[in-house]
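Reader: I am new to this structure and should like to learn how to read it. May we begin with the idea of a core?

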Amino acid sequence: MRSFRFLLPAALLLASCAPKASVECTVAQAPGAPVEVRLLDLNSYKVLDTVKTDAAGRMRYSIEVGKGQPEFVYLYYKDTKIASLLLQAGDRVSVKTDTLGNYEVTGSPESEALRGNERAYAAFQAAMDAAADPKELSRIYVDHYRADLRYVMDHPTSLTVVPVLFEQLDAYSPVFSQFTDAILFRKVCDTLKTVYPDSRYVAALEKETQRRENALQMQNLVDKAGVQSYPELSLPDTKGQRVSLSQVPAKVVLLHFWDSADATHKMFNLDRLLPQWKRWHDKGFEIYAVDVNPDKSAWAAVVKAQQLPWINVNDGRGWASGSLALYNVSAVPASFLLVDGEFSSASLAGENALENELKRILK
């Protein structure tokens, strides 16, 4: 029984020592008003609590904040956001606001910066709504884009850059709308991961960065499409070296999408593809195999174990890979035949279809 007497107080002590941030807020002319505390949960808000102000309009609230995991917290009066905060463990923040959301914040440099960015964004939206001339609209947008870019570049280790990068012109148009913005997203994301490796906001930025990198890759491939009849692919092999589909030195290339985690696909390699490769490779046949397994280590192990002699590539993005979208691949295995740099219209359905085509072309 003694062990339990000591364990329970220790657990309570640990819970009480959990890192927290405290907020003291005064809402002008709002005694006894309900203030809702909301936590940003990526694409939505999670209501943490509703706290009533006292007779002087004051309220206090403490929130657990993990070490190295700052949280975006918002205070609402009815449906109006009256304060935006970026809280770190140990912060003691003071907010003075009114029911319209005109507020000042002290005790948290990150929250102060967040407030400044939100004001700039609101002014930008108001200016865009008020302008009618296309040239004026363009000037307003370019000025704001450049201001955002300067802020992001000047504050690479601050989580306040995350909402800046996700700013929208409207529901369908981001402020950072250029394909090449993916380069900026990657630079910022990699920097923030070194500072806040466990932050879910950085994880969300990583996901968006990958989406943008895929879009950039696809755009680059589309730009090159005029010189060839099929979308270009340039993916890393088992040594991390990029291999371009267009540079494969073979008359006939089988572009093959597969999953190294699927036992039937591995059997297909040995039973169907390997015999054809051995028979026709010296006559001008090659296989460019794109794996959709995001576990690159497991994929490389399969390639080595099966001693697959053809070109094996994998970008580690699984079904988020832009290569699948380029070829409209929704299920694997899926194969395409390229002959002399052109798409072949021949069907590869059927057990002997590939062999028959190779006999016809390379005999």
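Author: A nonpolar core is a set of buried Ala, Val, Leu, Ile, Met, Phe, Trp, Tyr and Cys residues joined through side-chain atoms within 4.5 Å. Please keep in mind that the model before us is predicted.

Reader: Which residues touch the most other members of the largest nonpolar core?

Author: They are Leu-87, Val-95 and Leu-192, in a core of 55 residues. Strand S5 (residues 71-77) supplies the largest share of this core, namely six residues. A second core, separate from it, has 21 residues, among them Leu-274, Trp-280, Phe-285 and Leu-337.

Reader: What is Leu-87 in contact with, leaving aside its neighbours within four places in sequence?

Author: The contacts of Leu-87 include Ala-21, Val-23, Ile-63, Val-65 and Val-73, and also Glu-71 and Ser-111.

Reader: How much confidence does the predictor place in the chain?

Author: The average pLDDT of the protein chain is 89, and 92% of the residues score at least 70. Over residues 1-16, however, pLDDT stays under 50, and the model has one contact beyond four places in sequence for this stretch. Where pLDDT is low, the predicted coordinates should not be read in detail.

Reader: Why is helix H10 described as largely enclosed by the rest of the structure?

Author: Helix H10 (residues 353-362) is so described because seven of its 10 residues are buried. These are Ala-353, Leu-354, Glu-355, Glu-357, Leu-358, Ile-361 and Leu-362. They pack against strands S11 (252-258), S12 (285-291) and S14 (334-339), and against helix H7 (263-280).

Reader: How should one read a charged residue, such as Arg-38: is it buried or exposed?

Author: The relative accessible area decides, and buried means under 20%. Arg-38 has a value of 16%, and is therefore buried. This residue is found in strand S2 (residues 34-41). Its side chain is joined to that of Glu-36 by a polar contact of 2.6 Å. Beyond four places in sequence, Arg-38 is in contact with several residues, including Tyr-45, Phe-72, Tyr-74 and Tyr-76.

Reader: Which side chain of opposite charge is nearest to Glu-110?

Author: That side chain is Arg-115, 14 Å away; Glu-110 is buried yet has no salt bridge. Glu-110 lies in helix H2 (residues 109-130). Its side chain does make a polar contact, of 3.0 Å, with the side chain of Ser-158. Not counting residues up to four places away in sequence, Glu-110 touches Ser-158 as well as Leu-86, Gln-88, Leu-159 and Thr-160.

Definitions and conventions. Residues are numbered from 1 along each chain as its sequence is written. This is a predicted model: local features need pLDDT of at least 70, side-chain atom pairs count only at pLDDT 80 or more; totals for chains, interfaces and linings use all residues. Side-chain values use heavy atoms; hydrogens and water are left out. Helices (H or I, at least four residues) and strands (E, at least two) are DSSP runs, numbered from the N terminus. Buried means under 20% relative accessible area, exposed over 50%, partly exposed in between (1.4 Å probe, protein chains only). Lys and Arg count as positive and Asp and Glu as negative; His and the chain ends are not counted. A salt bridge is a side-chain nitrogen of Lys or Arg within 4 Å of a carboxyl oxygen of Asp or Glu. A polar contact is a pair of N or O atoms within 3.5 Å; within protein, one must be able to donate a hydrogen and the other to accept it, and residues adjacent in sequence count only if both atoms are side-chain atoms. Contact means heavy atoms within 4.5 Å. pLDDT is the predictor's confidence in each residue, from 0 to 100.
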